[in-house]
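Here are some short notes for a first reading. They deal with the internal cavities and with one part of the surface.

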Amino acid sequence: MRKEINRLTDLQTLEPEVSPFKMWPSRPLKMNPESSSVVFREQKRTGISVSEVDTGAQLVAGLTSALEPNEALRIRRKIDRHVMPMMCVLYGIQFMDKITLGSAAILGIQQAAHLTTNEYNWLGTAFYLGYILFEYPQNLALQRFPVGKWMSINIFVWAVVLACHAACKSFRGLLVVRLLLGACEGSITAGFLIVSSMFYTRTEQTLRVGYWSLMLGTAQILCGFVSFGVLHINTAGFEPWQWLMIITAIMTMILAISFWFLFPDSPTNAWFLTTDERVKAVQRLKENQTGVENKHFKMEQMIEALTDPKTWLFALLSALCNVPSSLLNQQSLILASFGFSYLQTTLLSCIPGVIQTLTIFTGVRLATRQPNSRAYVGAMYFVPAWLGVLLVNLLPWSNKAGLLVGQFLAGFSVPGFVLSLSWLNNVTAGHTKRVVTNATILSAYCIGNAAGPLMWKAQYKPRNHIPWAVIGTCYTACPLLLLVIRAVLLRENRIRDAEPVDDGEEYVIERITEDGKRMEVKVDKEFLDLTDRQNRAFRYVL
């Protein structure tokens, strides 16, 4: 069977004038140059509207030559040079901005704003309430608008909001700015997942997601040193925690301006690639079977995303992995409770950042070197984390060194969540489905992060046995969930392997040449914006 799609000069600006999958009689069809109607030359053809086609199809349609490995490597390295540094810097700044509340706790914010323990914990939760309320709108905007530009606008707004923290002297004021900060930052991780799938193959994505996630640890180290520095600033009427907010806000503002001008929206229009290199950048992604992007929202893909069991397995994993993230805001307070001074605490707060950097780096490297090992590698890193929970709960309070080691070991679990993000990107196809799935998983991420701070109540201090018991339970459930997800995907692959081979349908689009002639060119199935369920040739990586 041969499926034909009319293609005019600019597919992105045209709207289909015939509904998809409509059957037409075998008769001549008059074409309007301004329309995007489907052309049929045989009786009973299945029509597909232009909106069904991935944007990458415009560049690679009709290509028959294979991309040379050396050329593909050159293109990838060029993309790395222009995309990865900005992603890494932004992710680090974003995370540093998010954890400024934890650093500000020992810099005087609780006393200046007259915060109780519960009010301070609610400020940590408020960030994620803003995040979750705007997560679906943010993801829909990322599909509708240019990704780089939309993220730049959000970075600019959150820089302004971060600076406003310094002017707040009450719980209500801080609550508002924390809500707004979460709303803006909700676009970043979702945008990065989309960008990673646009520019990199499935094999490359595991490492690249790991690379920008490394900045989680780097941000903690940087924030620790900045906090140490502002403790030495003595200005009348302006406290160290306010300087921390202003300094990080200035850094964020500079990044927002840089992002607007330098960060690409897609490989199909990346400023640093030539026309020929854009074609090759898209051609590289054929093995993903996920295309580049599609700006049209597809209701059927949204329904599929919300009814796909793996979406909710990943969502549950995301929520449970991030309940222990509340340790970030409690870190300084817990270390101070061990008897360390404020200066010592700010420096000790850098150590969890070093641990996260090393564990994420080794985790993604192991998962890349060993095929289909994501679940096993992720589960492995929960073992030392669980040991850390045991040490903190069972060692006597007088054993400060042992408690400190346990506290640091509890941060070893991060690679499990980082690997799950790249894994989710690898096993989800269809642009609308990816957008909805990302929003669901990141909403679950917010639920875990929002719930976590609420368990650190004053009556549990100083040992905090109840919060640590909850964290230990999460560290037990998460590796089991990783293994369950792997088993589900392996079973689906085996079902597809047993199915009959595809009948070899051919898809073509119609181009209009400069002299007005119509020419049919083949479009690979990989660029039809099919979901992983619709495309039975799709295989889930493990």
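1. Which residues lie nearest the centre of the largest cavity? In this predicted model, they are Asn322, Ser325, Leu328, Gln356 and Val414, out of 32 residues that line the cavity. Its volume is about 470 Å³.

2. Several helices contribute to that lining. Those giving two or more residues to the largest cavity are α2 (69-98), α10 (215-230), α14 (309-322), α15 (327-337), α17 (350-369), α20 (400-409), α21 (414-426) and α22 (431-451). By class, the lining has 19 nonpolar, 12 polar and one charged residues.

3. A search of the whole structure gives seven cavities of 30 Å³ or more. The second largest holds about 150 Å³ of space. It is lined by 13 residues, and Ile99, Ser103, Leu328, Ser332 and Ser349 are the closest to its centre. Leu328 is also among the residues nearest the centre of the largest cavity.

4. Two or more residues of the second largest cavity's lining come from each of α3 (100-104), α10 and α15. The most come from α10, with four residues. This lining divides into four nonpolar, nine polar and no charged residues.

5. On the surface, Ile153, Phe156, Val157, Val160, Ile257, Trp260, Phe261, Leu262 and Trp271 make a nonpolar patch of about 850 Å². The elements that give two or more residues to this patch are α7 (147-164) and α11 (240-262).

6. One member of the patch, Trp260, sits in helix α11. Trp260 has a relative accessible area of 37%, so this residue counts as partly exposed.

How values were computed: Residues are numbered from 1 along each chain as its sequence is written. This is a predicted model: local features need pLDDT of at least 70, side-chain atom pairs count only at pLDDT 80 or more; totals for chains, interfaces and linings use all residues. Side-chain values use heavy atoms; hydrogens and water are left out. Patches are made of residues with over 30% relative accessible area and no salt bridge: like charges are joined within 9 Å, nonpolar side chains (Val, Leu, Ile, Met, Phe, Trp, Tyr) within 5 Å. Accessible areas come from the Shrake-Rupley method with a 1.4 Å probe; for residues, only the protein chains shown count as cover. A salt bridge is a side-chain nitrogen of Lys or Arg within 4 Å of a carboxyl oxygen of Asp or Glu. Buried means under 20% relative accessible area, exposed over 50%, partly exposed in between (1.4 Å probe, protein chains only). On a 1 Å grid over the protein atoms alone, a cavity is a set of points where a 1.4 Å probe fits but cannot get out, and a pocket is an open set with protein on both sides within 12 Å along at least five of seven lines; lining residues have an atom within 4 Å of a point. Grid points are joined across faces, edges and corners, and a volume is the space filled by probe spheres set on the points. Ala, Val, Leu, Ile, Met, Phe, Trp, Tyr, Cys and Pro count as nonpolar, Asp, Glu, Lys and Arg as charged, and the others, Gly among them, as polar.
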